[in-house]
Amino acid sequence: MTQITEIDDPRIVKGLAHPLRIHILRVLQERTASPSEIAAGSEASLGTISYHVRYLQRVGLIELTSTKARRGAVEHYYRAVGRLRITDRAWGQLPDAVRERLLGSTLDQIGRVVTQAASDGGFSRDDTHVGRHRFVLDDRGFRELSVALSELADRAHMIERASAARLTAAHHTEAEIASTLILMLFDQASSDPADLPSGEAEPVA
């Protein structure tokens with residue numbers, strides 16, 4: 001079962017706002033890697049990467065999995081301890097500048113992932129889902145929809161675990177599909193003349 005690391009301390013969340021720490025976490029959520037391997041894929045020096053890796057390990061977001069002797073030195077390999085979830089309390093205590101950095105980094109990653117998938121034919125399946133829905137909600141409705149999306153994300157991870165069990169079973173015949181689910185709920189502060197009436201959606205594939 002995928003572990004959920006819930007961060008309730010706004011000081012830790014603030015520490016995560018550094019772009020290199022975000023990058024390191026993303027790498028270690030996808031695979032086990034050493035600081036030198038991470039540095040090879042970025043413009044930062046090994047010393048800088050190692051410094052941020054030590055911070056992430058100290059606050060319990062990554063863990064050491066193995067060591068290997070390599071060229072007269074010992075190389076350390078790490079992985080993320082699970083998927084992160086920032087609590088509403090911690091998010092609410094963050095300065096606006098920190099929120100903007102975290103959101104900007106996430107939106108940048110989403111843009112790159114979606115653009116790459118589109119160019120690679122990732123939206124060609126008949127059961128691909130793409131849509132934008134606009135609603136007019138009160139505070140209670142917004143909170144309820146936010147909770148519903150969190151529950152959907154949890155359900156998606158349950159589906160992934162069931163898929164993994166089938167894929168690793170002997171004589172499995174189903175193909176492995178690397179998939180991405182993106183969930184967003186935000187306050188559209190300004191009106192958009194192109195928006196459809198409340199509750200309607202743009203065409204869905």
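**View 1. Ala-17 sits in the loop between α1 and α2.** The model shown here and in the views that follow is predicted. Ala-17 counts as buried because its relative accessibility is 3%, and the cut-off for buried is under 20%. Leaving aside residues up to four places away in sequence, Ala-17 touches Ile-22, Val-98, Arg-101 and Leu-102. Ala-17 and Arg-101 are 84 residues apart along the chain, yet 6.1 Å separates their C-alpha atoms.

**View 2. Leu-102 is one of the buried residues of α6.** Its contacts, again not counting residues up to four places away in sequence, are Val-13, Leu-16, Ala-17, Ile-22, Trp-91 and Leu-94. The contact with Ala-17 thus appears in this view as well as in the one before.

**View 3. Helix α6 runs from residue 96 to residue 119.** The helix has 24 residues, and 34 Å lies between its first C-alpha and its last. This is close to the 34 Å expected at 1.5 Å a residue. Buried in α6 are Val-98, Leu-102, Ser-105 and Ile-110. The cover over these buried residues includes α1 (10-16), α2 (19-30) and α5 (88-92). After α6 comes Gly-121, which has a positive phi, near 80°.

**View 4. The largest nonpolar core is made up of 26 residues.** Inside this core, the residues with the most contacts are Ile-24, Leu-28, Ile-38, Ile-49, Leu-56, Ile-62 and Leu-102. Two or more residues come from each of α1, α2, α3, α4 (46-58), β3 and α6. The element that gives the most is α2, with six residues. Leu-102, the centre of View 2, belongs to this core.

**View 5. The second largest pocket holds about 160 Å³ of space.** Its lining is formed by Ser-34, Pro-35, Ser-36, Leu-46, Arg-70, Arg-71, Ala-73, Val-74, Glu-75 and His-76. The elements that supply two or more of these residues are α3 (35-40) and β3 (73-80). Of the elements, β3 gives the most to the lining, with four residues. Sorted by class, the lining has four nonpolar, three polar and three charged residues. Arg-70, Arg-71 and Glu-75 are among the residues that line this pocket. Both α3 and β3 also give two or more residues to the largest nonpolar core of View 4.

Key. Residues are numbered from 1 along each chain as its sequence is written. This is a predicted model: local features need pLDDT of at least 70, side-chain atom pairs count only at pLDDT 80 or more; totals for chains, interfaces and linings use all residues. Side-chain values use heavy atoms; hydrogens and water are left out. The expected span of a helix is 1.5 Å times one less than its number of residues. Buried means under 20% relative accessible area, exposed over 50%, partly exposed in between (1.4 Å probe, protein chains only). Contact means heavy atoms within 4.5 Å. On a 1 Å grid over the protein atoms alone, a cavity is a set of points where a 1.4 Å probe fits but cannot get out, and a pocket is an open set with protein on both sides within 12 Å along at least five of seven lines; lining residues have an atom within 4 Å of a point. Grid points are joined across faces, edges and corners, and a volume is the space filled by probe spheres set on the points. Ala, Val, Leu, Ile, Met, Phe, Trp, Tyr, Cys and Pro count as nonpolar, Asp, Glu, Lys and Arg as charged, and the others, Gly among them, as polar. A nonpolar core is a set of buried Ala, Val, Leu, Ile, Met, Phe, Trp, Tyr and Cys residues joined through side-chain atoms within 4.5 Å.
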